[in-house]
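Q: Please take a close look at one part of this predicted model, the place where two chains meet, and then follow the discussion into the helix packing inside one of them.

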Amino acid sequence: MPVTLLDNLIYVVILAFIGSGALLAGLVMAVFSALLSFWAGSTDNSVMIQVGRRAFYATAAMIFIASALLETALVTHDFSLAYVTEHTDLSTPIALVAAGFYGGQEGSLLYWALILGILGSASLLASARLGPRLAAYAAGIMASIASFFLVVLVLVASPFDVLAITPPDGLGLNPVLRDGGMLIHPPVVLAGFAAFAIPFSFAAAALLAGRFDAAWIAHTRRFALVAWGLQSTGLLLGMWWAYHVLGWGGYWGWDPVENVAFMPWLATTAYLHSSQVQERRGRLRAWNFGLVILAFLLVVFGTFIVRSGIVPSVHTFAVSAIGPWFLGFLGVCLVFSIGLLALRSGGLHNTGEPAPAVSREGAFALQNLLLIGVIAVVFWGTMLPLVSGLVGQERVVNASYYERASGPLFAAILALMAAGPLIPWRHAGAPFWRSLTWPAAASALVLAILLAAGVRGLPALIGVPLAAAVVSTVVYEYARGIGRWRRAGGGWPRAVALLARRRRRYGAYLAHLGLAVVVVGLAASHFWQQEKDVTLQAGQQVTVAGYTLIYSGAETRELADHSELVAAMTLGGQTLEPARATYAGLGGQSLTHVAISSSPVADVYVVLAGTNSDGSASFRIFVNPLVTWIWAGGAIIIVGVILGNTGRRRQVAEPVTASVPSAVGAS
Amino acid sequence: MTLIVATLLLFAAGPFVLWPLIKTPEDGVEVESR
C-alpha cells in the first residue's frame, strides 16, 4: 500500500541515513577533537583548547542522536534495520524491545560510546581546576577512545544497516535475556566499563602534561568512584540475575566474562585506597598512575575476551567478528600507556617521607599487593585455556582453583579491612594496638559461636569471624564519631555537619560494612548450601534442611511469546511455581524458570527438571542460607559510595616538599 | 546519502564548536581557559 511504502521510506531515510550520518559526523568530530586537543594542549593555545573540547561535546551529541534514533527504530518495530530484526520481535514486551538497544553487538558498542560521551563531557565540564592543558590532553584521549568506537560502528558493526527486504517480524531476543534483569544488569555493567575510560584519560593526560601532583587524583578519584560504584552494582546485579534466571543454585561461576568484569573492579578498589596515600603523604605516585591505567587496560582486555569468544564462556551470545579490532585497540593502549609511564618515570619520584610498615600507608600498600595478587590469580585462570592451547593441550580450571588460590588473599584483605581503618598515618603506637582489642574480641566471639554450632570447615571458620571483625571496626569508628558528636554538644545540626564533613570517611566505612555483610552471605550460602534431587507424585512431600515442600501438580500455560510447564509446590502458606518455558518462535528453545522463597535466614530455591510419563515431576531443590545478605550488603555498599561521593569535595593538599609544576604544566 | 547527512550535521554543529573563534574579544574570554 502507498501509505506503508511511504512510512517505510520515511523510516529508512530518517532512521537509517540520519543514524549512520550521525555516526559518521561523530567520527569526524571525534578525530578533529582528538587532533586539535593534543595540538592545542602542547602549544598551550587556549582558544583552540576550547574548540577541541567543544568538538568533544559535539561528538557526544552526535552519538546521542544516533542512540535516540536506534531506540526509536526499536520501539517502533522498524524491521527494515537488520539490528532491529535480529534482536527483537513483535511478541517481545516493549521494555525488553527498548533494552534491545544494548542487547546486541552493534547497539552495545553504541551504548558504550554514549556513556563515554556523557561521562567524558561531565568530567571535562568539571575539570576547570585542573588547568586547560591537562584538560585538553584528557579531551584528546577521550576523543581518541571515542574515535575507535565510532570507527568500529561506522566500518564494521553499524546498527543502521538496512535489509534489502523488510521482514514482517523479527527474530527476537535470546530467551536467557528475556528477563527483568536485562533491563538493569547489562546497561550498568557496560556503563561501568565505559566509565573506566574517564580516570584513564585524566591519568594519561596528567602524565602527558607532566602534572604529577595530587590535583589529577582529586579529579579522577570521583570518576573512579563512579566507575567503581557502577561496576560494583553491575557485578551484584549480574550475580542476582544468574541466581534468579540460570537455575543452577549459585550466583558466581568464575566464568571468563564474570572474571574480566571483576578484574578492573579489583584494580580500582586498589586505586581508591592507594590514592589516599598520595593525597595525604605524597607517596605511591607512579603506582597510582599504574593502577588507573591497569583498570582501563583490563576493561579493554575484558571486552576483547567477551567479543572474540577466544576463551569458552556462558556469554557466547556476545561473540562476534570485532574481536581483532579490540585486540588492536588493546595493543595501542598498552604501548601508549607503558611508553608514557616509561617516558615520565623520571619525574614520578615520591615527595613524602617513607613510613614504617605498621602504618596506614603500609596497610594500603599491603592491601594493594594482595588485590594485585587476586587479579593475577583471576587473570591466569581466565587465560589458561588460551595459553595452554598455544603450547599443547587446552586446559581449563574450575571454581576450586579460584577459591583455593584467591581465598587466602581475600582472608588477608578482610583482616586488613578490620585493622586498617584503626591504624594511624605515619606511625602506629600503643593506642592502635589497644584498639585492635575490639575486632579481635568480635572475631573470637563469632569463632566460638561457630565452633559451638558444630562448624568445622576452615574457610568458613576464617572468613566469617574476619567479617565480624570488619563489622566491629566499623561500629567502633562510628561509635567514636558519636562520642565526638556528644562531646561537641549533640543535636541534629551538629550530627549532619559532622557527617557532611567526614562523609568520605563514613561513606567508606559504610562500604566496608556492606562488604562484610556480603562476605557473610557468600560464606554461608557457599559453605552451608544444601541440595536434593527428587521425583514426586502430586500430593507427595519432601523435606530439605528443615523446609517441607508439597508438590500439588503441573499445568501448561500459553503466554504471548512462549508456553510454560508450571509445577506448583506449597511451602508453608506459600505457593512456589517453578516452570520450564518453551519458545516456539526460536526453534523450540527451552529455559527454566526458578521459584525462590526468600527470607533473611535462607532461600528455598526450586528448579523444575521436567515431568515424567507417570505424572510425576522431577525437581532439584536448594536451600541457600543468607543469600539475601549478599543483596542487602550490596545495597549498603552503594549507599556508602553515594554518601562518600556527594557534594563538593574538600581538597586535600598533597604535602609540598618538592617543586610543584605550575597550572600550565612542566613539560 | 549518509555522507550528505553527516555533512549537514557537521555544518549544523559548526557554530557551537567554533564559537571560541567566532566571538569577538569584547564578548569576554571564558574564565576556565586561562
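A: The contact draws 26 residues from chain A and 19 residues from chain B, in a model that is predicted. Between chain A and chain B an area of about 2,000 Å² is buried, and carbon and sulfur atoms supply 72% of that area. On the chain A side, the residues that lose the most area to chain B are A:Phe17, A:Gln50 and A:Arg54, which together account for 29% of what that side buries. Across this interface of chain A and chain B, zero salt bridges are found, although a search of the whole structure yields five over all chains.

One salt bridge links A:Arg480 with A:Glu477, and their closest N and O atoms are 3.6 Å apart. These partners, A:Arg480 and A:Glu477, lie three residues apart in helix H17 of chain A, so about one helical turn separates them.

Helix H17 (residues 458-487) of chain A also packs against helix H14 (residues 399-419) of chain A, at an angle of about 20 degrees and with the axes 8 Å apart. Because angles under 35 degrees count as roughly parallel, H14(A) and H17(A) are roughly parallel to each other, and H14(A) passes H17(A) in a left-handed crossing. From H14(A), the residues A:Ala411, A:Leu414, A:Ala415, A:Met417 and A:Ala418 meet A:Ile462, A:Gly463, A:Leu466, A:Ala467, A:Ala469, A:Val470 and A:Thr473 of H17(A). The residues of this contact of H14(A) with H17(A) comprise 10 nonpolar and two polar ones, with no charged residue.

Technical notes
Residues numbered from 1 in each chain as written. Chains lettered and ligands numbered in written order. Predicted model: local features only at pLDDT ≥ 70, side-chain atom pairs only at ≥ 80, totals over all residues. Heavy atoms only, no water. Axes fitted to C-alpha atoms, helices over the stretch in contact; angles between N-to-C directions. Helix = DSSP H or I, 4+ residues; strand = E, 2+ residues; numbered from the N terminus. Parallel < 35°, antiparallel > 145°, perpendicular 65-115°, else oblique. Left-handed = near helix turned anticlockwise from the far one by under 90°. Contact = heavy atoms within 4.5 Å. Nonpolar A, V, L, I, M, F, W, Y, C, P; charged D, E, K, R; others polar. Buried area = accessible area lost by both parts, 1.4 Å probe. Salt bridge = Lys/Arg side-chain N within 4 Å of Asp/Glu carboxyl O.
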